[in-house]
Amino acid sequence: MSRFDAIGQLEPPFYLVDLERLRARHAAIHEAFRSRFDRVVLGYSYKTNYLPCVLRTLHAQGAWAEVVSDLEFALALRLGVPGSQIVYNGPIKSDESIARALGLGSLLHVDSLEEASRVAEQVRSLGLEGARVGLRVNVPHPEGEGHRRFSRFGLTMKDLERAAEMLAVVGSPPVGLHAHLATKARSLEHFEGLTAAIGEAAKRVDPEHLEWIDVGGGFGFTPEGFPGRDYPSFGEYAERIHATLASVHPALVEKTLVIEPGMAMVNDAVRFVTRVESVKHVGGRRIAFVDGSIHTVKPTRHAMNLPTRVFDAAGREKRGHESPCDLVGYTCMDDDYLAVDQVLPPLDRGDRVEIANVGAYTLVFKPPFIRARPAVYAQEGDRLTEDLPEESFEAFFTDFDLEPSR
């Protein structure tokens, strides 16, 4: 079954996940870093998209789980991920989840001095000396100003030394270092600076005692047919990270390298298919209302028009004179624009609009606002399966008391 067959067969709106593309992307990222480092752990960033079919596919390929909350940790365990293959990040961790992570042998990255104290107490009280604890390094933001000149995450060099001492006292000196900061540029220079900060942090602890170096995510990737975004290749990222670590301390390149790709992994593996509900001409502009919204397509509210194709109700691609069109959503918000001045063929009520590159953050950011969650289908060759049904009225209001007033 082609993707166009699926568009004609299924009732929009829905998401369509390309599992073959997802597997290929995992292999490309892993192989690029494996060519520079002897030991590589790819911890997929759960927060980017935790569709069941996405997670199961990546874990079957060998990806670990990178989680930032109790919720995501529980999800990884429910999906059968061994605790020893979970990377636990985030600025807020409950005492219960810390104890669970330590007991299961997860890679736990401490974010603050307060958290270091709580982790040390858990290690002491549970008798878990030698736990797999790492420290997150605070780094300056290359694109930030004012209150955002530095990342709000991680430990300064001074606090990092104090945290390391707290952990050493209870028999669990830090065995890993972590830094992550996503930027718009996603440049090699950014990763060079971030990696150099990890190298500087390594001087504050015992570099020989470290087991892993975690450079986080934030890698760029230019999807096919999406010009205007020229990011480095995965191989170039790997080479720059390797070179920077080697220049700071040669022993660091011998550690296990942990990476946490999210957007670069899953973004172009998912498409959103919606239906044209009406077309207006207002103030000289062509405006097409679709059964989707900025929440379902680009919740981060970037200004880019995503690659878009138009099909009739039977799934046949539409041709004809193309002209600028604004795609707008179902909400009552004036800024609900999925695209502005996108050059598209003629549009009629009932047409299908396929919008590509929507795998990152769309499902996890979608709020319970006006419309329930669309269905999700996974496609693999000619096989099409429903991963999540369209959210029902009952599920949408499951915790509401809907009994009439008496």
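**Figure 1. His190 in helix H8.** At 8% relative accessibility, His190 counts as buried. The residue belongs to helix H8, which covers residues 188-204. Leaving aside residues up to four places away in sequence, His190 touches Pro142, Leu181 and Thr183. The model shown here and in the other views is predicted.

**Figure 2. The closed barrel and one of its strand pairs.** Eight strands form a closed barrel in the order E2-E3-E4-E5-E6-E7-E8-E9, and their pairing is parallel. On average, and with direction ignored, neighbouring strands of this sheet are turned by 25 degrees against each other. Helix H7 (residues 157-169) packs on the sheet, where it touches strand E6 (133-136) and strand E7 (176-178). The direction of H7 makes about 165 degrees with that of E6. Elsewhere in the barrel, strand E4 (residues 86-88) pairs with strand E5 (residues 107-110) in the parallel sense over two bridges. In this pair, Tyr88 stands opposite Leu108 of E5.

**Figure 3. Surroundings of Ser97 in helix H5.** Ser97 lies in helix H5, residues 95-104. Its relative accessible area is 1%, so Ser97 is buried, the limit for that class being under 20%. A polar atom of the Ser97 side chain lies 2.9 Å from the backbone oxygen of Ser94. Not counting residues up to four places away in sequence, Ser97 touches Asp70 and Tyr88. Tyr88 also appears in the previous view, as the residue opposite Leu108 in E5.

**Figure 4. Helix H2, its N-terminal cap and its buried face.** Helix H2 comprises 16 residues, 19-34. At 1.5 Å a residue H2 should span 22 Å, and its end C-alpha atoms are 22 Å apart, which agrees. The buried residues of H2 are Leu19, Leu22, Arg25, His26, Ile29, Ala32 and Phe33. Seen down the helix axis, these buried residues fall within an arc of 160 degrees, so they line one face of H2. The N-terminal end of H2 is capped by Asp18, with a side-chain oxygen 3.2 Å from the backbone nitrogen of Glu20.

**Figure 5. Strand E10 and its antiparallel partners.** Strand E10 (residues 270-282) is joined to E1 by four bridges, and the two run antiparallel. Val17 has Val270 in E10 as its bridge partner. Four bridges also join E10 to strand E15 (residues 352-355), again in the antiparallel sense. Here the bridge partner of Val273 is Glu354 in E15. A further six bridges join E10 to E11, which run antiparallel, and Lys280 stands opposite Ile287 in E11. The hairpin of E10 and E11 has two residues between the strands, and in it Gly283 takes a positive phi near 60 degrees.

**Figure 6. Strand E13 between E11 and E14.** Strand E11 (residues 285-290) and strand E13 (residues 323-328) run parallel and are joined by three bridges. Ile287, which faces Lys280 across the E10 and E11 pairing, has Asp326 as its bridge partner in E13. Strand E14 (residues 337-344) runs antiparallel to E13, with five bridges joining the two. One of the residues paired there is Ser323, whose bridge partner in E14 is Leu344.

**Figure 7. Backbone geometry at Pro13, Arg301 and Ile370.** Most residues other than glycine have a negative phi, and most peptide bonds are trans. The peptide bond from Pro12 to Pro13 is cis, with omega near 5 degrees. Pro13 sits in the loop between helix H1 (3-9) and strand E1 (14-18). Arg301, a residue other than glycine, has a positive phi near 65 degrees. Its loop runs between helix H11 (294-297) and strand E12 (308-311). Arg301 is partly exposed, its relative accessible area being 39%. Ile370 likewise has a positive phi, near 75 degrees, and is placed in the loop between helix H12 (362-365) and strand E16 (375-380).

**Figure 8. Phe393 in helix H13.** Phe393 is part of helix H13, residues 393-396. With a relative accessible area of 52%, Phe393 is exposed. Phe393 and Arg371 are 22 residues apart in sequence, and their C-alpha atoms are 9.7 Å apart in space.

Methods: Residues are numbered from 1 along each chain as its sequence is written. This is a predicted model: local features need pLDDT of at least 70, side-chain atom pairs count only at pLDDT 80 or more; totals for chains, interfaces and linings use all residues. Side-chain values use heavy atoms; hydrogens and water are left out. The expected span of a helix is 1.5 Å times one less than its number of residues. Buried means under 20% relative accessible area, exposed over 50%, partly exposed in between (1.4 Å probe, protein chains only). The arc is that of the directions from the helix axis to the C-beta atoms. A polar contact is a pair of N or O atoms within 3.5 Å; within protein, one must be able to donate a hydrogen and the other to accept it, and residues adjacent in sequence count only if both atoms are side-chain atoms. Two strands pair if DSSP finds at least two bridges between them. Axes are lines fitted to C-alpha atoms, for helices over the stretch in contact, and angles run from 0 to 180 degrees between N-to-C directions. Contact means heavy atoms within 4.5 Å.
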